[in-house]
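Reader: I would like a close look at one part of this model, the charged side chains and the strands that carry them. Could you take me through it in one connected account, keeping the contacts, the pairing and the cover apart where they need to be kept apart?

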Amino acid sequence: TAPSSQVNNLIVNAYYVDNNSSTAAGLPSLRRKSLTTVAGVKQFIDQEIMPGVEDMQVQFGIDASGVTGVATRYVNPNAVPAGAAVVAVRVWLLLRSETPEPGFIDNRTYVYGDRVVANGTVSTLNAAGSAAKAYVPSGAASNALTSIKRFRRLLVCRTFQIRNSLG
């Protein structure tokens, strides 16, 4: 209530990858849960943002000194050192086609974020112990038209600078 105070609305969104899309079972999708108020009751609304998103990785660009505003390295959200300033956010999305393509075989190894070959490889992104391991789609591509290897994929990355991160 003081003349120098300010009241702001709080916006809460949580993004995650689901194994099933609203359009098709078995098609992964990027989803968002938003905190909202409906008829005076606070609740979360679940929305599909985009079907075909197989994986999402996020890392924070940190300024270890906390004074330059320049990211010197990128770390996982749970590994920001004390005293470091988060000055950027890097987001990777692994996109997958909605349907398999006969004759196409995806033999690539996907390395992004903290998913690196030095940590090993995994054939499924949501299995226990798959974190930080590079992704290699697996499956018998020669005997199944719906094999996971028959889907085309695109890895996209975007880095966002955080305005006013140093106050």
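Author:

**Charges over rings, strands and salt bridges**

Arg90 lies over the face of Tyr74, with a distance of 3.8 Å from the ring centre. The structure is a predicted model, and what follows should be read in that light. A second contact of this kind involves Arg96, whose charged end sits over the ring of Phe151 at 3.8 Å from its centre. As for rings facing rings, the structure holds one aromatic pair.

The strands come next, beginning with strand S4, which spans residues 53–63 and is mostly covered, eight of its eleven residues being buried. Strand S4 is joined by ten bridges to strand S6 (residues 85–96), and these two strands run antiparallel. Within that pairing, Val53 stands opposite Leu95 of strand S6. Strand S4 also pairs with strand S5 (residues 73–75), again in the antiparallel sense, over three bridges, and here Phe60 stands opposite Val75 of strand S5. Strand S4 thus has pairing with strand S6 as well as with strand S5.

Strand S4 also takes part in a contact between charged side chains, since Glu54 lies in this strand while Arg153 lies in strand S9 (residues 153–161). The side chains of Arg153 and Glu54 meet in a salt bridge, with 2.7 Å from N to O, and because Arg153 belongs to strand S9 and Glu54 to strand S4, the pair ties together parts that are 99 residues apart in sequence. Both partners, Arg153 and Glu54, are buried. The contact is also part of a network of salt bridges, in which Glu54, Asp106, Arg108 and Arg153 are linked.

Across the whole structure, a search finds seven salt bridges, and two further ones can be described through Arg31. In one of them, the side chains of Asp46 and Arg31 meet at 3.2 Å, N to O; this pair links distant parts of the chain, with Asp46 in strand S3 and Arg31 in strand S2 (residues 29–38), 15 residues apart. In the other, Arg31 forms a salt bridge with Glu48, the closest N and O atoms being 3.4 Å apart, and this pair likewise links distant parts of the chain, from Arg31 in strand S2 to Glu48 in strand S3, 17 residues apart.

The cover of these three residues deserves a careful statement. Arg31 has 10% relative accessibility and therefore counts as buried, given that buried means under 20% relative accessible area. Its partner Asp46 is partly exposed because its relative accessible area is 36%, and Glu48, with a relative accessible area of 23%, is partly exposed as well.

Strand S3, which spans residues 41–51, also holds Ile49. At 39% relative accessibility, Ile49 counts as partly exposed, and together with Tyr15 and Met50 it forms a nonpolar patch on the surface, with about 260 Å² of accessible area for the three together. Strand S3 therefore carries Glu48, a partly exposed partner in a salt bridge, and also Ile49, a member of this nonpolar patch.

How values were computed. Residues are numbered from 1 along each chain as its sequence is written. This is a predicted model: local features need pLDDT of at least 70, side-chain atom pairs count only at pLDDT 80 or more; totals for chains, interfaces and linings use all residues. Side-chain values use heavy atoms; hydrogens and water are left out. Rings of Phe, Tyr and Trp (its six-membered ring) pair if their centres lie within 6.5 Å; planes under 30 degrees apart count as stacked, over 60 as edge-to-face and the rest as tilted. A charge sits over a ring if NZ of Lys or CZ of Arg is within 6 Å of the ring centre and within 35 degrees of the ring normal. Patches are made of residues with over 30% relative accessible area and no salt bridge: like charges are joined within 9 Å, nonpolar side chains (Val, Leu, Ile, Met, Phe, Trp, Tyr) within 5 Å. Accessible areas come from the Shrake-Rupley method with a 1.4 Å probe; for residues, only the protein chains shown count as cover. A salt bridge is a side-chain nitrogen of Lys or Arg within 4 Å of a carboxyl oxygen of Asp or Glu. Helices (H or I, at least four residues) and strands (E, at least two) are DSSP runs, numbered from the N terminus. Buried means under 20% relative accessible area, exposed over 50%, partly exposed in between (1.4 Å probe, protein chains only). Two strands pair if DSSP finds at least two bridges between them.
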